[in-house]
2 protein chains.
Amino acid sequence: MTKLGDNLKIDSARLWDTINETAKFGGTPKGGVRRLTLGPEDKLVRNWFRKACEDAGLEVHVDALGSMFALRKGRDMSKAPIGVGSHLDTQPTGGKFDGILGVLGALEVVRTLNDAGIETEMPICIANWTNEEGSRFAPAMMASAAYVGDFTTDDILSRKDIAGVTVGEALDEIGYRGDVAVGTQKFSGFVELHIEQGPILEAESKTIGVVDSGQGVLWFDGKITGFESHAGSTPMPLRKDALATLSEIVLATERVVGNIGALGTIGEAVIANPSRNVIPGEIAFTMDLRSADAGKLDAIEKGVRDAIKEIAAHRKVDVAFDKVWHKPPTHFNKDFVNAVETAATSLGYSHRRITSGAGHDACNLNNIMPTAMVFIPSKDGISHNELESSTQEDCAAGANVLMHTVLALAGVASK
Amino acid sequence: MTKLGDNLKIDSARLWDTINETAKFGGTPKGGVRRLTLGPEDKLVRNWFRKACEDAGLEVHVDALGSMFALRKGRDMSKAPIGVGSHLDTQPTGGKFDGILGVLGALEVVRTLNDAGIETEMPICIANWTNEEGSRFAPAMMASAAYVGDFTTDDILSRKDIAGVTVGEALDEIGYRGDVAVGTQKFSGFVELHIEQGPILEAESKTIGVVDSGQGVLWFDGKITGFESHAGSTPMPLRKDALATLSEIVLATERVVGNIGALGTIGEAVIANPSRNVIPGEIAFTMDLRSADAGKLDAIEKGVRDAIKEIAAHRKVDVAFDKVWHKPPTHFNKDFVNAVETAATSLGYSHRRITSGAGHDACNLNNIMPTAMVFIPSKDGISHNELESSTQEDCAAGANVLMHTVLALAGVASK
């Protein structure tokens with residue numbers, strides 16, 4: 001095996017061009033991208049990606065859930081490839097970097113290796129995972145979850161969007177129901193390049209985030225049942241106000257997660273039959289709790305449940321609070337994380353260890369194979385928003401770290 | 001003028017039957033009524049009411065805003081009638097007494113006078129005011145407000161519901177845009193029978209509330225502009241959470257009105273683009289503040305505005321907070337209030353002076369004519385709710401007080 005010099009670099013302008021070229025598939029007037037999974041724009045970007053991979057000499061196949069795999073041969077084909085990639089679908093009002101950078105960065109790595117005539121020991125395989133975002137079909141990250149065995153293929157194929165279209169029907173509609181069974185493409189490990197989607201790297205002026213963990217996530221559905229009554233004739237002490245109850249829950253959740261050092265969000269809250277002169281009697285709400293530490297996750301759930309119980313009692317209302325999803329924290333593979341860190345150091349990029357706030361396909365894959373992630377800064381920490389932005393320089397830095405991590409993990413074949 | 005004995009009573013069973021008969025127009029499975037103003041169910045109850053009035057020998061006309069007036073001639077037609085009535089529209093999930101009792105109680109008074117062959121000196125006119133509730137079109141009590149000159153007819157005709165339908169279009173749709181100009185029907189005074197919609201009469205075991213005042217009302221439209229960001233990757237201290245901001249405003253409003261002894265309600269709150277893993281970036285909300293004391297009303301507005309300013313500053317968000325309605329406290333006419341009190345006493349009903357918590361068409365009418373109201377108890381103080389309930393006995397008591405008040409004010413013609 002040959003050790004390659006750190007002077008091998010990807011083509012920054014070519015990577016930037018592909019990002020902007022693919023952003024036209026679902027591009028919005030504000031410069032974002034609306035490319036819901038398995039929709040017409042997703043078909044266009046998939047066709048573009050397949051051709052680009054084939055032009056780069058890769059062999060492309062598609063599995064039964066539409067995930068795309070593009071294989072670059074290695075010297076030793078008895079070994080499973082090192083996987084790279086992410087997803088090409090976006091949020092309804094998403095940006096042009098979330099997920100896309102990981103797939104196009106991987107393509108740029110392959111193109112660079114081709115141009116330099118470098119053969120790796122192990123093969124390399126670029127993956128485009130179907131429906132990472134979860135905006136059209138639930139759950140998010142469904143294809144990688146099925147890949148690791150959390151769901152059966154048939155279960156996922158039967159999931160419906162809001163219009164009643166199943167995943168299977170949507171795959172057929174765009175011609176991306178592949179003939180390869182889910183899980184057939186094996187990997188020796190996986191590295192995902194992604195934007196941070198948070199403000200930490202930018203705030204600390206670091207170019208690279210060496211992602212060593214991913215937050216655990218708890219999702220809850222809540223419902224407050226107070227009593228609707230007249231805003232003008234119900235004395236304050238006799239009210240059973242669902243919105244005042246929710247307000248206490250929101251602020252208590254802030255206190256609980258603040259004390260423990262975790263995250264808590266009430267993202268949805270809907271008053272039943274709202275009217276400006278009626279005291280809200282019923283509110284449905286959701287809660288999202290996150291921590292990279294399983295113990296903290298347990299502690300914030302307990303803290304929030306205790307607070308809700310106390311609030312419901314003194315407000316004399318009922319609060320239902322049901323857990324609908326539990327994703328334990330992810331601890332990425334130490335060797336893979338070290339490989340990312342070594343690559344960033346060798347290339348001279350400022351970097352820090354970081355926890356992924358969002359969930360990623362890599363968090364699922366880590367359940368069954370060594371996995372790591374590379375983050376680059378997000379302008380103002382913004383993501384899931386058309387204002388999402390990263391610089392050409394940072395995108396290139398991320399792809400360079402990805403390339404040198406992959407070379408270290410896959411090995412360079414002797415000439 | 002003849003003084004009639006207190007033994008003249010309305011027909012309790014007939015009144016109760018009409019209440020239950022009209023409750024079928026928009027009746028809900030839970031026993032409430034959903035009869036939004038100028039909708040198809042409102043058309044049906046209006047048609048029923050028109051026929052019932054005509055069957056009772058009354059002359060019905062409709063004004064340009066759809067308010068209905070049913071005239072019973074008096075001996076002296078040079079005098080404007082004593083008005084009685086209320087409204088037939090309901091809240092989206094309303095009951096079968098709010099407003100309805102006042103119109104059907106007035107009809108029952110006329111039917112009783114007809115049966116007894118009693119002629120009054122002054123004519124009597126039953127009114128059904130359009131859109132008292134304000135659930136479909138703002139403002140509430142719009143027809144009586146236009147009647148007293150607070151709005152022009154054209155202004156009200158152009159108000160739109162949430163679907164973009166104007167009052168004018170809705171009137172045409174149900175055939176109730178009348179040809180009589182608003183304000184044409186004059187009154188010598190007005191008496192409105194209504195359920196209390198609060199818990200006081202029931203708590204004190206009083207049958208009749210002699211309403212001597214009405215709370216002032218302030219309505220506000222608010223909008224919080226924070227910043228949408230990812231629930232998993234935005235540290236708590238960097239968030240601009242619109243829902244957490246609203247939560248502080250809700251609880252601060254409770255404190256302010258509690259300290260001053262007034263009422264405050266946030267009845268509507270809508271998160272823009274809600275998603276369970278996105279921090280709410282924008283929320284529109286409404287606020288309703290009430291007090292029977294003009295000074296207290298000023299004080300709570302100031303207290304709430306100060307609190308919002310402080311909350312917006314420390315949350316680093318923008319809060320727009322605009323007053324959309326200001327109704328000063330109402331002080332009903334002393335002679336009319338005394339007439340109500342005398343009738344209740346003569347009939348032997350337990351009674352007390354009371355302030356109306358809700359706004360009523362009578363509060364508008366009081367601006368330009370002597371006006372008073374009669375309240376009866378609401379079970380558990382509940383209103384604007386399908387569980388709204390009053391007893392047959394109390395409804396009859398209210399109608400009897402209404403009748404003897406009207407007879408005292410209109411005078412009984414000598415035979």
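Here are a few questions and answers on strand 4 of chain B and the two domains of chain A, all from a predicted model.

User: Is strand 4 of chain B largely enclosed or not, and how many of its residues are buried?
Analyst: Buried here means under 20% relative accessible area. Both faces of the strand are covered, with Ile124(B), Ile126(B) and Asn128(B) on one side and Cys125(B) and Ala127(B) on the other. Strand 4 of chain B is therefore largely enclosed by the rest of the structure, and the count of buried residues is five of five.

User: Which residue of strand 4 of chain B is the bridge partner of Gly85(B)?
Analyst: Strand 3 (residues 82-86) of chain B pairs with strand 4 of chain B in the parallel sense, over five bridges. Strand 2 (residues 68-72) of chain B also pairs with strand 4 of chain B, in the antiparallel sense, and there Phe69(B) stands opposite Ala127(B). For Gly85(B), the bridge partner is Ala127(B).

User: What is the hand of the β-α-β crossover from strand 3 of chain B to strand 4 of chain B?
Analyst: The two strands pair in the parallel sense. Between them the chain passes through helix 3 (residues 100-116) of chain B, and the crossover is right-handed.

User: How many salt bridges does the rule find across the interface of domain 1 and domain 2 of chain A?
Analyst: Domain 1 covers 12-215 + 329-410 and domain 2 covers 216-327 of chain A. In chain A, 14 residues of domain 1 are in contact with 11 residues of domain 2, and the two domains bury about 720 Å² between them, 53% of it on carbon and sulfur atoms. Across this interface of chain A, the number of salt bridges found is zero.

Terms used: Residues are numbered from 1 along each chain as its sequence is written. Chains are lettered from A and ligands numbered from 1 in the order in which they are written. This is a predicted model: local features need pLDDT of at least 70, side-chain atom pairs count only at pLDDT 80 or more; totals for chains, interfaces and linings use all residues. Side-chain values use heavy atoms; hydrogens and water are left out. Buried means under 20% relative accessible area, exposed over 50%, partly exposed in between (1.4 Å probe, protein chains only). Helices (H or I, at least four residues) and strands (E, at least two) are DSSP runs, numbered from the N terminus. Two strands pair if DSSP finds at least two bridges between them. A crossover is right-handed if, with the strands pointing away from the viewer, the path from the first strand over the helix to the second runs clockwise. Domain bounds come from an automatic or database domain assignment. Contact means heavy atoms within 4.5 Å. Buried area is the accessible area (1.4 Å probe) that two parts lose on being put together, summed over both. A salt bridge is a side-chain nitrogen of Lys or Arg within 4 Å of a carboxyl oxygen of Asp or Glu.
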